[in-house]
Amino acid sequence: MSNPLSAFLRDYLTVGIFASLAFVLVGLLLFISWLVRPDRRQAQKYIAYESGVDPVGDMWSQSQVRYYIFALLFVMFDVEAVFIFPWATQLEVFGFFGLIEMTIFIVILLLGLVYAWRKGVLRWV
Amino acid sequence: MDAIWLIPALPVAGFLLLVVAGRKLGDPAAGWVATLAVAGSFVVSAAVFLHLLGLPAEERNVTVTLWQWLPAGSFQVSFGLFFDQLSGVMCLFITGIGALIHLYAVGYMKGDPHYSRFFVYLNLFVASMLLLVLGDNLLMTFLGWEGVGACSYLLISFWFTDPANASAGKKAFVTNRIGDLGFMLATFLLFVSLGTVNYTEINAAAPKLAGVTATAVALLFFLAATGKSAQLPLFVWLPDAMAGPTPVSALIHAATMVTSGVFLLTRLSGVMAEAGWANGLIAWVGVLTALVAAGAGVAQNDIKKVLAYSTVSQLGFMFLAVGTQNYVGAIFHMITHAFFKALLFLGAGAVIYSMAHEQDMRRYGNLRKYLPVTFVTMGIGWLAISGIPPFSGFWSKDEVLAGAFNAGPAGPVLWFLGITAAVLTAFYMTRLMIMTFFGGAEHWRTDAAESLPEGGADEDAELSVAGHDTGHGAHSDDAGHDHHHLTPDHTPREAPVTMLLPLVVLAGLAVVGGLMNLPFSHRLENLAIWIEPVLAGEHELPGAAVLWVLAILATAGAVLGVWFSYRVYQQHKVAPEKVEKPVLAHAWYIDETYAKVVGGPGEASFDAVAEFDQKVVDGAVNGVGSGTRWIGRALRPLQPGFVRSYALGVAVGSVLVLAFVVTRMSL
Amino acid sequence: MTGFVAVLAATEDIPTPDVDWSAIAPNLILMLGGILLLTVVSVVRGRLPGWFHAVWTISVATAAIVAVVPLWQRVQDSGPESVLAGALVLDGFSLVVTATICVSVILAALLLEAYLRRERLGGPEWYVLMLLSASGGVTMATANDLVVVFIGLEILSVAVYVLAAMHRRRVSSQEAGLKYFVLGAFSSAFLLYGIALTYGATGSTNLSRIQAFLADTVITQNALLLGGLAFMLVGFGFKVAVVPFHNWKPDVYQGSPTPVTAFMATAVTAAAFAALLRVYVTTFGPTYRTEWQPLVAALTVLTLVVGAFLAISQTNVKRMLAYSSINHAGFVLLGVLAASAAGDAATLFYLVAYTFMAAGSFAVVAVVGRRGDGHHDLSDYQGLSRSRPGLALVFTILLLSQAGVPLTAGFLAKFYVLAAAVESGYTWLAVLAMLTAVVSAFMYLRIVVTMYFAEPEGEPRRPRIPAAAGLAMGLCVVGVLVIGIVPGPLSDVANDAVSQLVAVGR
């Protein structure tokens with residue numbers, strides 16, 4: 001068992017033990033509460049929780065397609081930020097090459113924005 | 001002699017010209033162009049042939065490599081043509097008879113709305129056939145093999161407005177596909193074991209083949225041949241193929257294409273020599289086919305169907321010869337058969353033509369009065385196929401049977417079965433002649449078509465072709481001819497000279513064809529001397545005394561058949577019903593059995609396959625769902641769903657893949 | 001955690017790769033062409049005419065092919081090289097696949113032009129997406145790193161998902177797009193997981209390093225690696241529709257707009273097979289061939305048989321061609337399975353030949369589908385030989401080629417693949433493949449028979465053949481026949497274009 005791979009796999013054993021422990025623990029608690037609690041079913045108990053709102057109508061409700069496009073634009077900028085921020089902290093490390101890379105990245109996203117703009121996506125109504 | 005590329009190139013040129021300008025050329029110019037193309041091809045073949053004649057035997061071949069088709073690598077195939085003794089003979093008779101039949105079709109197809117298209121197909125057929133025989137390797141032959149097949153379906157279904165004709169085309173297609181599979185597998189097997197597909201190299205290397213391999217190759221090629229050459233059990237398409245125009249029947253389904261199986265096995269005689277018991281099987285299948293088809297021929301009323309079964313039967317003789325390694329006999333019979341069978345078909349076409357496209361012989365009678373030229377020429381064909389000396393059929397059939405007699409211990413049995421088929425041949429051909437040309441009464445004046453009981457295999461399931469009005473309905477409708485109905489006051493008239501000329505020429509050939517290979521002394525066996533250098537395999541004919549006895553017996557048998565037929569149909573001493581059993585009329589019910597199997601269990605299994613994806617695959621997916629229901633209700637929503645069911649399919653597949661991987665893991 | 005701190009602490013530059021711009025020129029041309037087209041239409045006022053986008057796309061693809069030529073010379077002269085710090089590899093194989101993808105872009109663009117005009121759809125987005133997708137395909141074909149393979153696959157796929165759903169008025173198109181997207185995402189996850197496992201087993205995602213590692217090291221516990229191989233096979237198998245990962249294909253091919261189907265059948269298939277071959281044969285072939293070959297053999301059997309048998313039971317021609325493309329995938333898989341130089345060449349030959357066959361066939365389907373892209377039933381082909389003899393002839397040639405009739409590209413493609421399989425000892429599989437070829441030939445000929453011998457119900461219609469679609473079909477037929485009659489040049493190229501991996505730093 002000196003193989004590094006099996007050592008590597010053995011690390012997962014810990015994870016496995018903890019995971020099963022979690023299951024056992026939760027199961028045990030649920031089981032005990034099931035044992036001790038009184039069980040009297042009433043119709044009242046099956047409706048939504050005290051402070052909740054009673055559900056009305058169909059689950060499937062349509063929302064404006066524009067929200068979807070805004071969501072998409074948001075993701076676009078969000079992703080941009082996710083990439084730019086770590087890059088900015090390491091600006092010197094990546095040097096000139098990194099600057100060019102990031103410029104290309106931003107320009108491509110900007111072109112997408114221009115396209116969306118031209119398509120009239122940014123106008124409400 | 002590099003000009004041999006012209007032999008297939010001329011029909012190809014004709015084909016291309018007609019494709020482009022066929023409609024403009026019209027009727028009859030398109031026909032003449034096609035005829036000239038094939039005739040030119042014949043002239044070139046003859047010139048090359050004469051050139052080879054002047055050379056010593058071992059130099060009698062020309063190879064022309066047009067280009068390297070599959071270049072370099074472990075596997076090279078050239079687009080090469082190989083003109084030797086065997087392919088030369090084939091070329092001569094294909095182009096010669098082809099030209100005559102083209103000429104005949106110029107008259108026969110007159111007024112057809114698709115006149116030029118007919119010749120397009122016909123020229124393409126001749127080109128493919130030439131490629132088949134001239135190719136210097138199996139792939140080239142396969143190309144031709146597929147080409148002639150395609151043309152054959154196209155021409156069978158030429159009058160495709162008639163659903164029966166289209167279905168006959170499909171039938172030919174399906175049976176031939178089974179055969180083609182054999183061809184492909186055999187080619188591949190040969191390539192794998194010998195590393196070449198070139199004929200010369202194959203035959204040279206054949207002795208090195210393992211016996212089992214050689215047998216397998218031979219059997220697979222024979223499977224291919226049974227499809228193309230209509231042998232048991234795949235012969236059912238040929239009688240239905242008579243739905244095509246008569247020149248097509250004569251050219252493709254009698255003289256040339258159907259013999260390509262015989263050619264293929266002869267070409268590969270080197271492999272066949274190593275093939276052991278496969279040869280015996282071929283001989284037996286051949287002789288049984290000859291017998292079965294001859295029996296079926298006895299009870300047909302459609303003049304073309306009689307000839308069709310007769311063709312199947314004669315092809316059986318050729319395979320008998322191939323199976324007994326008597327290749328000279330096979331080729332000899334192939335050539336004489338091409339002469340007399342083309343003659344008979346064209347004669348039948350001339351009769352049909354002058355009888356307002358009626359094909360039911362029961363409505364003929366006494367036609368010799370009206371059609372003297374057709375009568376005389378067909379009479380010669382009749383004598384030739386019946387095996388009456390000195391007509392060509394006698395010599396070739398005798399050679400085949402004598403060869404079979406000498407083939408090992410089973411030889412006499414083969415010979416006896418063969419001679420029985422020959423007697424039947426004489427019988428039904430005489431019947432055909434009497435019903436058509438003799439009999440005193442002119443039946444079309446007395447018997448209305450509707451009053452005749454449907455004869456023979458005509459009424460069977462939708463797979464078969466309706467008998468007596470085969471092809472003519474749509475044809476005459478389209479053509480605007482008013483020969484749709486054979487009226488009682490119809491007076492038959494002789495066909496035009498373009499149709500009669502080929503008849504006369506072929507009749508001449510059918511008379512003298514035997515001169516090619518007379519058995520009296522070896523010096524007279526011209527064909528044998530010519531071809532034998534390219535053949536392998538041991539075979540010898542019996543001694544002179546036995547030969548004489550066999551010949552006399554064969555002649556006696558032929559005369560017997562003719563005489564008996566004369567008693568039944570001319571003198572009416574025996575009721576025809578006693579001879580024409582329904583089982584014969586239905587060709588031993590082989591076709592019906594196939595139709596039942598294909599239509600019943602066959603179709604059912606096909607439907608099962610169709611449902612496989614929907615039911616079985618999804619069902620398995622759902623089965624997983626229902627099987628795991630006891631785990632909980634979580635997996636319940638697994639309906640025959642859409643995306644999720646597909647996703648589960650992917651997942652199940654992945655599990656299978658992983659399960660396999662697990663078996664190979666070492667932890 | 002320590003590694004992260006170390007990176008933070010280091011102040012010296014991370015080595016940045018040299019960018020050999022000329023080596024990635026074809027890919028750059030495709031990608032920039034797509035982006036530029038989008039920019040142009042955003043910037044220019046007013047609508048540009050429809051033909052402009054098509055002409056642009058075709059020019060871009062042609063330029064990419066032109067850029068391939070000097071690279072090919074370079075590879076032939078000085079051998080393959082790796083570029084961008086070993087992320088991409090420049091060898092004959094990747095270049096030929098690149099050119100094939102570009103050809104399929106050209107053919108699909110021609111079809112698309114005619115199609116959009118007929119369907120009264122417009123917009124440059126179709127072409128932009130196609131160019132981007134092609135760029136992804138080229139990335140996949142040139143990738144020398146599993147992560148790059150994945151990126152290429154995603155660029156390729158995401159664009160195609162959208163393309164499949166682009167026909168706004170056809171519900172089936174939306175359905176196809178959604179199905180393809182959901183299942184595609186599913187299979188991408190498999191691929192990614194496989195990549196992760198492989199990384200775990202070998203310590204690298206770089207294919208050259210993996211190859212070197214496997215050559216030097218004997219792995220006694222191969223569970224991770226085999227698991228990785230299996231999961232990657234699922235991911236690739238989905239993209240090329242190997243049974244049992246095929247069931248999206250008929251629905252998606254049938255539902256997608258026909259030119260998009262043509263693009264999927266050609267470019268996507270070619271790119272995915274190129275990546276599959278590079279990973280399995282080139283990288284894992286030398287050392288782990290015996291482990292994956294039985295698995296791939298089993299999948300090949302399934303793919304061949306299911307593709308052929310299900311194809312014959314269809315009555316929708318587009319669906320038929322979808323199933324037949326599964327059968328074709330089985331044949332290509334045979335070339336992969338061979339895992340030899342001959343197999344590589346045969347695979348490449350097949351992909352090129354299939355590009356012409358499939359693009360041409362779907363071109364005919366697009367034309368016969370008429371407005372609404374809905375007339376794909378077998379009965380819509382009845383009497384086509386009389387109403388449109390030229391179209392019927394073109395389709396016949398293409399179908400015969402797919403069936404593998406001699407003198408067409410399909411015959412040689414099948415032949416080389418079979419020969420390669422036999423050479424590698426898979427004779428039984430080759431025989432089986434031939435049997436399925438016979439079965440599927442029946443299906444192709446059923447279409448031919450319908451066109452030539454079936455009476456149309458009612459008045460036979462004459463579908464309009466737009467010039468661009470006609471040009472595409474013409475190119476395909478010429479391609480199929482030229483490859484079939486004079487296969488020398490292409491087979492030479494395929495033999496020279498061996499797939500190779502090059503270690504970083506050459």
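In what order do the elements of chain A run from the N terminus on? They go α-α-α, which fits the tally of three helices and zero strands in that chain. Keep in mind that this is a predicted model.

**Chain A**

Chain A is more spread out than a compact globule, because its radius of gyration is 27 Å, well over the 14 Å that the globule rule gives for 125 residues. Put a box around its C-alpha atoms along the principal axes and you get roughly 70 × 65 × 20 Å. Buried residues account for 0% of the 125 residues in chain A.

The domain assignment splits chain A into domain 1 (4–38) and domain 2 (65–118). Going by C-alpha atoms, the centres of those two domains sit 43 Å apart.

As for confidence, the average pLDDT of chain A is 82, and 93% of the residues score at least 70. Among its elements, helix α1 (residues 4–36) has the highest mean pLDDT, at 87, while helix α2 (residues 65–89) has the lowest, at 83.

**Where chain B touches chain C**

Here 43 residues of chain B are in contact with 45 residues of chain C. On the chain B side, the elements that give two or more residues are β1 (62–70), α4 (138–156), α5 (163–194), α25 (590–627) and α26 (643–663). Which of them gives the most? That would be α26(B), with 12 residues. Sorted by character, the chain B side has 29 nonpolar, nine polar and five charged residues.

A residue to click on here is Gln68(B), which lies in strand β1 of chain B. Leaving aside its neighbours within four places in sequence, Gln68(B) is in contact with Gln76(B) and Ser78(B), and also with Gly488(C) across in the other chain. Gln68(B) counts as partly exposed, because 15 other C-beta atoms lie within 10 Å and the partly exposed class falls between 12 and 20. Gln68(B) and Tyr121(B) are 53 residues apart in sequence, and their C-alpha atoms are 28 Å apart in space.

Strand β1(B) has a partner, too: β1(B) and β2(B) pair in the antiparallel sense over seven bridges. One of the links to look for is Thr63(B), whose bridge partner in β2(B) is Phe82(B). Strand β2 (residues 77–83) of chain B is mostly covered, with six of its seven residues buried.

**Two enclosed helices in chain B**

Helix α9 (residues 246–255) of chain B is largely enclosed by the rest of the structure, because 10 of its 10 residues are buried. The buried residues of α9(B) include Thr246(B), Pro247(B), Leu251(B) and His253(B). What covers them includes α2 (85–108), α3 (115–134), α4, α8 (237–240), α13 (303–323) and α14 (327–354) of chain B.

Helix α10 (residues 260–267) of chain B tells a similar story: eight of its eight residues are buried, so it is largely enclosed as well. Among the buried residues of α10(B) are Ser260(B), Phe263(B) and Arg267(B).

**Backbone oddities**

A few spots in the backbone are worth a look, and these are collected below.

| Site | Feature | Value |
|---|---|---|
| Leu232(B) to Pro233(B) | cis peptide bond | omega about 0 degrees |
| Pro389(B) to Pro390(B) | cis peptide bond | omega near 5 degrees |
| Ala230(B) | positive phi | about 55 degrees |
| Ala85(C) | positive phi | near 55 degrees |

Pro233(B) is in the loop between α7 (211–228) and α8 of chain B, and Ala230(B) lies in the loop between α7 and α8 of chain B too. Pro390(B) belongs to the loop between α15 (372–386) and α16 (392–405) of chain B.

Is Ala230(B) buried or exposed? Ala230(B) counts as buried, with 31 C-beta neighbours inside 10 Å. Ala85(C), in the loop between β1 (81–83) and β2 (88–90) of chain C, counts as partly exposed, with 16 such neighbours inside 10 Å.

**One last stop in chain C**

Glu119(C) is in helix α4 (residues 92–119) of chain C. Glu119(C) is partly exposed, with 17 other C-beta atoms within 10 Å. Beyond residues up to four places away in sequence, Glu119(C) touches His167(C), Arg371(C) and Asp373(C). Glu119(C) and Arg169(C) are 50 residues apart along the chain, and 9.4 Å separates their C-alpha atoms.

Methods: Residues are numbered from 1 along each chain as its sequence is written. Chains are lettered from A and ligands numbered from 1 in the order in which they are written. This is a predicted model: local features need pLDDT of at least 70, side-chain atom pairs count only at pLDDT 80 or more; totals for chains, interfaces and linings use all residues. Helices (H or I, at least four residues) and strands (E, at least two) are DSSP runs, numbered from the N terminus. The radius of gyration is taken over C-alpha atoms; the globule rule is 2.2 Å times the number of residues to the power 0.38. Two residues are in contact if their C-beta atoms, placed from the backbone, lie within 7 Å. Ala, Val, Leu, Ile, Met, Phe, Trp, Tyr, Cys and Pro count as nonpolar, Asp, Glu, Lys and Arg as charged, and the others, Gly among them, as polar. Domain bounds come from an automatic or database domain assignment. Two strands pair if DSSP finds at least two bridges between them. pLDDT is the predictor's confidence in each residue, from 0 to 100.
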